[in-house]
Amino acid sequence: MIIRSVESIIAMLDADYIENDDIQKRIGGVSIDSRKVVEGNLYIPIKGVRHNGHKFIEEAIANGAAATLWNRDEPNPPKEITVILVDDTTAGLQQLAAVYRRQLLMRVVGITGSNGKTSTKDILAGMLSQKFRTQKTLGNLNNEIGVPLTLLSMSEQTQVAVVEMGMENSGELAFLSHMVKPDIAIITNVGIAHLENLGSLANIAKAKAEISEGLSGHGTLIYNGDQELLHDAITRKALNGHIRIKTFGEDKHNDMVLTHVVQSTDGISFGVNDEDVHFTMNMLGRHQAINATAALLCAREWNLSDEEIQEGLKRIEKTGMRNELIPIHNAWILNDSYKSNPQSCIAALDTLAIFDVPYKIAVLSDMLDLGDESDMIHFQLGKQLANYDLDEVLTYGKMGAFITQGALQECDRHVRIRHFEEKEQLVRYLKPYRKKRCMMLIKGSHSMKMDEVVAALCENDHKRQR
């Protein structure tokens with residue numbers, strides 16, 4: 001984490017400050033949450049639509065804040081600690097992170113994509129940690145607040161940082177990329193997440209390609225070469241002539257081609273470019289093999305041996321609620337409740353299909369940010385469920401009702417299909433299935449909080465360890 005004197009922080013921000021005797025005091029880390037401030041932190045109060053962090057300065061000081069950023073137009077700055085004056089604390093956080101990034105000697109991999117960026121981050125960090133002192137984005141801190149917090153959490157001793165970068169609108173990735181200055185940038189894929197904001201897949205591809213704008217002078221751009229829209233968006237950009245371009249995917253024209261995949265309940269074995277070596281990892285789904293292919297291409301760019309790569313794949317620290325297999329009584333929960341869009345939902349259904357269990361239930365909720373065609377997209381997903389050997393389809397949420405309609409139209413009559421208006425009602429329905437030999441896929445956009453369904457099903461379970 002950032003360790004600097006208050007005076008150095010002021011210089012990094014080129015800011016004014018209110019005189020205080022503690023200007024030589026050392027800052028150790030930053031926090032935007034007054035409740036999570038620890039001794040020596042720089043407190044950065046964010047002013048948003050609903051909350052104003054300036055109102056919680058007393059709590060931050062009580063918890064040990066050594067200094068604070070402060071919007072010039074906010075009244076009543078504290079007197080107990082040094083106050084660094086800025087026009088906007090969010091912009092101050094971002095500037096501080098950008099300057100700190102340039103002071104560090106570490107190399108950075110930036111990862112974006114509609115799906116798979118978090119898993120790819122986890123896989124790649126596992127690989128790189130076998131050769132370098134590696135840090136990665138924790139959780140899902142990938143937006144205009146999360147990325148600077150990630151950078152400021154990096155140690156001076158870090159050799160490689162793996163930074164996840166998200167977006168909702170055009171221009172956001174360009175901004176983050178200039179802040180992060182990646183040496184390698186990876187685009188996992190383009191899907192219809194954020195279609196509501198960007199209007200078309202072509203616009204989404206164009207926005208994802210913005211990650212290249214902050215690439216270092218001799219950096220490398222790695223992207224999914226199977227996707228023509230993404231290829232077109234990148235070839236249309238005026239890239240620095242020194243940037244190297246590499247592709248991965250399943251089509252033979254890619255630099256790194258996924259040529260062999262074996263899936264089981266224990267994980268995946270996969271190979272690339274028809275090589276004799278096969279890699280294994282404890283993750284579920286063919287899509288994770290494709291994510292690993294992107295990570296493998298990056299790892300080889302930095303000269304990791306196949307032995308180091310395989311050892312790293314054994315030590316992946318996975319972010320939760322993504323294709324997480326949970327044993328519970330006689331049943332299994334395939335927990336993929338962190339996010340949902342049509343592409344990731346089909347990937348989850350493909351994963352469910354590989355398991356040899358006598359009874360399969362798909363529990364699906366709303367996919368958000370899909371724009372004016374959201375109802376039709378949900379309806380079409382419901383129709384696609386007919387391609388899978390499912391025993392039940394259960395839906396929840398306003399858009400989930402359209403999944404039900406599509407499933408009723410297309411699925412065989414033996415499939416039980418039911419929509420739930422209340423989450424509690426859905427939980428009550430599912431609880432008896434814990435004693436049945438079955439598997440329940442639970443999937444929905446993050447704000448639908450389908451993890452609450454998972455938690456309720458795991459409640460009072462004393463048989464999860466098998």
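The exercises below, each with a worked solution, concern helix packing and salt bridges in a predicted model.

**Exercise 1. Packing of H4 and H10**

Task: Describe how the axes of helix H4 (residues 117–128) and helix H10 (residues 286–301) are arranged, and state which residues make the contact.

Solution:
1. Two packed helices are described by the angle between their axes and the distance between the axes.
2. For H4 and H10, the axes come within 9 Å and cross at roughly 45 degrees.
3. An angle under 35 degrees would count as roughly parallel, and 65 to 115 as roughly perpendicular; H4 is therefore oblique to H10.
4. The hand of the H4 and H10 crossing is right-handed.
5. On the H4 side, the contact is made by Ser119, Thr120, Ile123, Leu124, Met127 and Leu128. H10 contributes Gln288, Asn291, Ala292, Ala294, Ala295, Leu296, Cys298 and Ala299.
6. By class, the residues of this contact are ten nonpolar, four polar and no charged.

**Exercise 2. Two salt bridges and their exposure**

Task: For the salt bridges of aspartate 33 with arginine 35 and of glutamate 311 with arginine 315, give the N to O distance and classify each partner as buried, partly exposed or exposed.

Solution:
1. The side chains of aspartate 33 and arginine 35 meet at 2.9 Å, N to O.
2. Aspartate 33 has a relative accessible area of 17%. The cut-off for buried is under 20%, so aspartate 33 is buried.
3. Arginine 35 has 64% relative accessibility. Exposed means over 50%, so arginine 35 counts as exposed.
4. In the pair of glutamate 311 and arginine 315, the closest N and O atoms are 2.1 Å apart.
5. Glutamate 311, with a relative accessible area of 27%, is partly exposed. Arginine 315, at 46%, also counts as partly exposed.

**Exercise 3. A salt bridge between helices**

Task: Locate the partners of the salt bridge between lysine 423 and glutamate 452, and state what the pair ties together.

Solution:
1. The closest N and O atoms of lysine 423 and glutamate 452 are 3.0 Å apart.
2. Lysine 423 belongs to helix H15 (residues 423–430), while glutamate 452 belongs to helix H16 (residues 451–458). The pair therefore ties together parts that are 29 residues apart in sequence.
3. Lysine 423 is buried at 11% relative accessible area, whereas glutamate 452 is partly exposed at 41%.

**Exercise 4. Salt bridges in the whole structure**

Task: How many salt bridges does a search of the whole structure find, and which residues are joined into one network by shared partners?

Solution:
1. The search finds 19 salt bridges.
2. Lys121, Asp122, Lys136 and Glu164 are joined into one network by salt bridges that share partners.

Methods
Residues numbered from 1 in each chain as written. Predicted model: local features only at pLDDT ≥ 70, side-chain atom pairs only at ≥ 80, totals over all residues. Heavy atoms only, no water. Axes fitted to C-alpha atoms, helices over the stretch in contact; angles between N-to-C directions. Helix = DSSP H or I, 4+ residues; strand = E, 2+ residues; numbered from the N terminus. Parallel < 35°, antiparallel > 145°, perpendicular 65-115°, else oblique. Left-handed = near helix turned anticlockwise from the far one by under 90°. Contact = heavy atoms within 4.5 Å. Nonpolar A, V, L, I, M, F, W, Y, C, P; charged D, E, K, R; others polar. Salt bridge = Lys/Arg side-chain N within 4 Å of Asp/Glu carboxyl O. Buried < 20%, exposed > 50% of the residue type's maximum accessible area, 1.4 Å probe, protein only.
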